[in-house]
Amino acid sequence: MKGDQVRILDGNIFVLSDSSGDIEASPSSPAGYFSFDTRFLSLWRLSVNGERLHPLAIDDERFYEVRFFLVPGAPTQYLDAKVSVIRERAIEASFEERLTVLNHDSEPTELTVRVEADSDFAPLHALRQPRQPVGRLYTRVEDGFLRLGYVREKFRRETLISSTEPAQVDQDGLTYHIRVGPHDNWSTTLRVHGLVLRPDRTDVRDHLTRRRTRTKLQLQQDLDRWLAMAPRLTCDWEPLTTTYQRSLGDLAALRHSTLALPDDPLPAAGLPWDATITGRGSIFTSLQALPVAPELAAGTLRTLALSQGTELDDFRDEEPGKILREFRYGEATAFEEKPQSPYYGGADTTPLFVILLDEYERWTGDIARVRELEDEARAALRWIDEYGDIMGDGYVWYRRRNEQTGVENQCWKESWNAISFRDGRLPAPLRATCELQGYAYDAKLRGARLAREFWNDAAYAERLEREATELKTRFNRDFWVEDGEYYALALDGDGNQVDALTSNMGHLLWSGILEPSRAKKVAEHLVGPRLFSGWGVRTLAKGEGRYNPLGHQIGTVWPFDNSFIAWGLRRYGFTDEAAMIAEGILDAAEYFQGRLPEAFAGYDREQTRHPVEYPTASSPQAWSTGAPFLLLRAMLGLEPYGDDLIVVPEVPGRFGRTELLDIPGRWGRVDAVGNVTVDVGNSQ
Amino acid sequence: MSNATNRFFGELSQHGCERLLKKTSGTIRFDLEHENGIEYWLLSISNANVEVSRDKRDADTVIRTDTAFFERMIRGEAKPLTAWLRNDITSDGEFRFVVLLERLFPPPVGARHPRVASEHWRQR
């Protein structure tokens, strides 16, 4: 997080506080203790003898625990503090905080320690606006407990605060009157439970057959095991190994277990705000992470299959066979003020689901999963033709039916202004972006392979292949912009080319829908001065009507986007161009201590000499975390072929010898050693 | 016991449910509260075939609600998953059957095929 915010988390349970450990939420500072898309604490303030505490040091090495070393009073008094406080905080299914007060004096001391607590039970999406709760807030002082609550009809959330040492509890918090001997200390542990209650006042999660809760020790063991199982990277260029290690650790933290399938974690889209089930983010990240953690794809496929759309529902933009965009547990979803229950407004998630299933099998040989998900994969393929093809002309289109709270652009560039003509005009809302056609083409071909090899349905395979060929012919005819020699961003409902020059066409390479004779022109554009900033490919080219280097998806550079573009360039044989993008993005990562932000500004590299981060709420963001893995795959030329992993390394010269050892897959474990290098001429 | 509820389970037992996947197997019990007590309906799903009985047996998932709300789901007026989030229905057991409930109940009334919606916009 930004500034001095400190956080810990486990899945969708997290705590955000200031650097002394206090929580003081306001619309400008979304701090709190969060669980189940709800804020359970909006105030958590510690004082000693009425004085606030200030941090001397913070130890937050692990993502699920933190220690604050504090002293009372203003900074000038630090040097001869007679009292100090250690605040140790962890997420262990609930939020736990151990307070230790140390007396450094040779005399005993009497102190008043107070913790103020309150909660507004705000739903996650509404933290930045002042909000009048629809339901009723309440506070109860019980025998040694403080209970904060919120009720709206049968919907009920409570925060239960308890203490191991006896405390004087009032409506606003807990007070301890303590006496600490000379050079002695006193401590207590506070437990804060966020309860999601049923009308019978029991927690809904206690009624689930398999509920996943983990102790601190289990979290540590799990993290150690995860890191030990992952391939090891060694590289002459030290920053790349730093980025790789950081991304592995972040990917571990991003693993999200759902209520329905607690043993099949999938990558959440981002932390902390997007710790939920998403279609796009989970699929792209699982694809990127196949060389290091193929099991994540299995969790993603299973979870998304379970929630596949089964009916028409305008509010949720749902259709049979569609793969969801996002699911949320909060109050706004429960009362249908927001459609995330789940929301299906994405035209890319469904073909991407089929692509992931096929690619996962190529890496792991997990045929059982492919057979298990046959019905869902067929339903997804059917969605492309029956519901994605709104115009009946063989393309995948989108237009939201939920015009109040639905998403306007149902591709990865969801910003309202991301899809535009060269001159900046916006097309009418019925749109078919180019990369969606690439995904549909790829999904059909991959679906054909699955049908032939595993579903025993050659006729279906032939049909899918025929449709893919027809789509490719049609696409190369209708989307090619003659005067610019590139592919249009989209078609509008009247069949006009939405002709801005964008990064979207970079995805056509990894999909394989591009006519090879035109690929050279596309590659030139991607690494040419209008699209390539020196760090990476911009979302929208310099010179286009809406170009803005700081515009969310109209000029910024997205590492995730670039990783797929580099992979595609490699697929079409553009080794130098792929290496150039890989080097630019991995160079940028060094400026962020190995943690790539979701996006950075589209300024020319020569102009700023430093990648300027585009501020987004979550960090890490899963598909940025995954980008280095896919870039490594592209540079090392990793491609499953039958039961073997083919390795054809083309690594930028500056990286030197690059080795990825023990890559898991159907081949067992394989090493990829890259000492063949290319000179990308990109060292500025 | 209500006619609508009887018809709903009767229909399931006679014609099954085409939106269930072939691989779906498990048991779901509905405990429906009404003025005079609770009525029990047990669905035994085996490879998408549905058997209905009135047994009060253990099930993989038990869904509890009142008959009035259950009838709203039967009419396609309320979705099971949002109902669960609001506590209009509660569950015991495996959560995946709560997610699968959507497949058993009718879709929302008046929902449009994207092509139909698109025609509508063009004429507007």
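Chain A of this predicted model contains 17 helices and 31 strands, where helices (H or I, at least four residues) and strands (E, at least two) are DSSP runs numbered from the N terminus. The radius of gyration of chain A, taken over C-alpha atoms, is 27 Å, close to the 26 Å that the globule rule (2.2 Å times the number of residues to the power 0.38) gives for 684 residues, so chain A is as compact as a globular protein of that length. Along its principal axes, the C-alpha trace of chain A spans about 85 × 55 × 50 Å. Of its 684 residues, 53% count as buried; a residue is buried if 20 or more other C-beta atoms, placed from the backbone, lie within 10 Å of its own, exposed if 12 or fewer do, and partly exposed in between. Among the contacts in chain A with a separation of 6 or more, 64% come from residues 24 or more positions apart, a contact being counted if the C-beta atoms of two residues, placed from the backbone, lie within 7 Å.

Residues are numbered from 1 along each chain as its sequence is written, while chains are lettered from A and ligands numbered from 1 in the order in which they are written. Because the model is predicted, local features need pLDDT of at least 70 and side-chain atom pairs count only at pLDDT 80 or more, whereas totals for chains, interfaces and linings use all residues.

A walk through chain A can begin near the N terminus, with an open sheet of four strands in the order β1-β2-β4-β5 (chain A) and antiparallel pairing; two strands are said to pair if DSSP finds at least two bridges between them. β1 (6-10) and β5 (38-41) of chain A stand at the edges, each with a single partner strand, so one side of each is left without a neighbour in the sheet. From one strand to the next the twist averages 20°, with axes fitted as lines to C-alpha atoms, for helices over the stretch in contact, and angles running from 0 to 180 degrees between N-to-C directions. In general, strands of a sheet pair through backbone hydrogen bonds, either parallel or antiparallel.

Within this sheet, β1(A) and strand β2 (residues 13-17) of chain A pair in the antiparallel sense over five bridges; Val6(A) has Ser17(A) as its bridge partner in β2(A), and Leu9(A) has Phe14(A). The two strands form a hairpin with two residues between them, and Gly11(A) in the turn has a positive phi of about 65°. On to the next strand, β2(A) pairs with strand β4 (residues 32-35) of chain A through three bridges, again antiparallel, and here Leu16(A) stands opposite Gly32(A). Five of the five residues of β2(A) are buried, so this strand is largely enclosed by the rest of the structure. Both of its faces are covered, with Ile13(A), Val15(A) and Ser17(A) buried on one side and Phe14(A) and Leu16(A) buried on the other.

Further along the chain, strand β7 (residues 51-59) and strand β8 (residues 65-72) of chain A pair in the antiparallel sense over six bridges, and a hairpin joins them through five residues. β8(A) is also joined by six bridges to strand β9 (residues 83-92) of chain A, the two running antiparallel. Leu70(A) links these pairings, standing opposite Pro55(A) on the one hand and having Val85(A) as its bridge partner in β9(A) on the other.

Another open sheet has three strands in the order β21-β24-β25 (chain A), with antiparallel pairing. Three bridges join β21(A) to strand β24 (residues 490-492) of chain A, and Ala432(A) has Leu491(A) as its bridge partner. Helix α9 (residues 434-453) of chain A packs on this sheet, touching β21 and β24 of chain A, and its direction makes about 65° with that of β21(A).

Asn417(A) is found in the loop between α8 (374-388) and β21 (431-433) of chain A. With 17 C-beta neighbours inside 10 Å, Asn417(A) counts as partly exposed. Not counting residues up to four places away in sequence, Asn417(A) touches Leu426(A), Arg546(A) and Ile554(A).

Turning to the partner chain, 30 residues of chain B are in contact with 33 residues of chain A.
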